[in-house]
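Work through the three exercises below with the model open. Each task is followed by its solution.

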Amino acid sequence: MKKVVHVNRIPKDTGPAAWNRILSPVQSYPTLTGTVLADWVIVGGGFTGMAAARRLSQLVPNDKVVMLEAGHLAEGPAGRNSGFMIDLPHELNSKSYAGGREQDKKQIRLNRVAIDFARQMAHDFAIPQEVFDLSGKVTGAASARGEKHIDCYLKHIKALDEQYRLLDQAEMKALTGSDYYTKGLFTPGTAMIQPAAFIRLIAQGLRKDVSIYENSPVIEMQLGLEHTLKTPKGRVKAKRVILAVNGHIQSFGYFKQQLMHIFTYASMTRALNQNEVQRLGGTANWGLLPADPMGTTVRRTSNWNGSGERLTIRNHFTLNQSMEVSEAELINVAKNHDQAFKARFPMLADVTMEYRWGGRLCLSLNSVPAFGELEERVYAAACQNGLGTVKGTLSGMMAVELATNLDSPILKEFMAYDAPSRLPPEPFMSLGANAALRWKEWRAGCEV
């Protein structure tokens with residue numbers, strides 16, 4: 001007898017996915033209609049889904065693979081993140097960005113496996129450097145409090161024997177064009193990406209191996225000897241299923257009361273003109289993370305493929321267990337972004353924001369993935385704990401290795417994680433978490 005899983009929610013994203021909107025032209029894929037037979041079906045076309053598809057093409061190249069994306073590729077979280085593929089520990093809920101030494105070393109090792117996999121995909125599919133650049137990142141401080149955070153982080157970096165370079169205020173201005181930052185810490189292992197372009201180009205590179213369908217959300221799964229996944233206009237019959245849907249794994253009925261749904265918010269400027277680029281100064285193409293985890297992330301990106309040179313500001317976090325945010329919440333946070341932008345770039349006072357959006361993150365209380373075989377031949381690759389580009393890539397790879405019974409030492413390390421912890425009951429968790437976020441944001445001061 002077949003088990004029927006009803007999907008109770010379809011992903012909903014608020015505001016435009018700016019990284020995708022600035023791409024032109026954007027290739028589209030068909031909507032699923034009728035019945036399709038496959039060996040594998042991947043649900044979700046983000047970093048996790050693309051990594052899973054690529055790993056399948058390597059391990060079982062003759063199998064038929066179908067990918068179902070609920071909306072358009074790179075319109076969901078894959079087109080809404082800040083484009084950092086970070087190797088060093090970086091936890092949203094950590095005071096120092098790092099935990100125990102051995103746990104940190106394990107996480108670094110796993111993160112670098114994912115970054116190297118992405119780097120190899122970029123090489124194999126001739127993705128340009130402006131889209132995937134192993135250029136490193138800077139952590140920037142704008143206050144004594146921020147400098148203390150950097151000093152604390154630096155102790156961990158030294159203990160882990162990692163490479164770094166400290167930047168003084170003059171060097172920070174030479175990089176960013178801004179007098180705002182007093183101190184910086186450069187670490188070389190991060191890849192900076194144009195996230196939507198990366199997803200789109202990987203999809204193009206996989207087109208001979210994977211049948212991709214957009215606007216095809218799964219609304220029901222019938223699980224049995226052969227699984228059937230229904231969409232509004234079609235269905236896929238497949239032997240194996242990989243759910244690469246991050247927090248929306250709960251929409252399928254799994255990991256109830258175990259996952260937290262955090263939203264972060266960003267704004268991207270219109271394209272800068274040549275005069276504004278000259279006034280800004282600094283260098284092109286960099287990414288800066290705040291010394292205080294609740295501070296403001298900044299990116300400067302080049303005029304690739306006619307997208308224009310732009311600056312992106314990201315700050316503010318909210319817990320929304322509904323997995324949705326309203327347009328009103330975007331309007332409320334716009335003032336924060338404009339203030340952060342003007343404080344850092346007063347020479348660009350006449351530059352306006354063209355795009356504003358909210359993006360979904362999924363965290364567990366104990367910072368572990370929602371991973372494994374949920375039903376016979378149904379695999380979860382979800383809950384990326386705020387680092388969807390890296391941990392999503394790794395999770396997609398590992399789901400395929402698990403499903404193909406590959407004897408992999410990296411898989412053994414990944415499988416050693418505990419299950420996500422159970423969350424406190426509502427409404428206490430949401431009230432407490434959002435109050436804590438606001439307090440931490442207030443304490444961050446001018447780092448925001």
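Strands here are DSSP runs of at least two residues, numbered from the N terminus. The model is predicted.

**Exercise 1.** Find the strand that holds Arg360, decide whether Arg360 is buried or exposed, and list its contacts.

Solution.
- Step 1: Arg360 belongs to strand E18, residues 353-364.
- Step 2: The relative accessibility of Arg360 is 13%. Buried means under 20%, so Arg360 counts as buried.
- Step 3: Leave aside neighbours within four places in sequence; Arg360 then contacts Pro11, Lys12, Asp13, Pro77, His248, Ile262, Phe263 and Met323.
- Step 4: Turn to Asp13. Its side chain and that of Arg360 are joined by a polar contact of 3.1 Å.

**Exercise 2.** Place Ala126, classify its exposure, and give its C-alpha separation from Gly205.

Solution.
- Step 1: Ala126 sits in the loop that runs between helix H3 (101-124) and strand E5 (132-133).
- Step 2: Its relative accessible area is 65%. Exposed means over 50%, so Ala126 is exposed.
- Step 3: Ala126 and Gly205 are 79 residues apart along the chain, with 8.8 Å between their C-alpha atoms.

**Exercise 3.** In what order do the strands of the sheet containing E5 run, and which strands stand at the edges?

Solution.
- Step 1: The order is E4-E9-E5, an open sheet of three strands with antiparallel pairing.
- Step 2: E4 (84-85) and E5 are the edge strands. Each has a single partner strand, so one side of each lacks a neighbour in the sheet.
- Step 3: E5 and E9 (residues 191-193) run antiparallel and are joined by two bridges.
- Step 4: Opposite Phe132 stands Ile193 in E9.

Technical notes:
Residues are numbered from 1 along each chain as its sequence is written. This is a predicted model: local features need pLDDT of at least 70, side-chain atom pairs count only at pLDDT 80 or more; totals for chains, interfaces and linings use all residues. Side-chain values use heavy atoms; hydrogens and water are left out. Helices (H or I, at least four residues) and strands (E, at least two) are DSSP runs, numbered from the N terminus. Buried means under 20% relative accessible area, exposed over 50%, partly exposed in between (1.4 Å probe, protein chains only). Two strands pair if DSSP finds at least two bridges between them. A polar contact is a pair of N or O atoms within 3.5 Å; within protein, one must be able to donate a hydrogen and the other to accept it, and residues adjacent in sequence count only if both atoms are side-chain atoms. Contact means heavy atoms within 4.5 Å.
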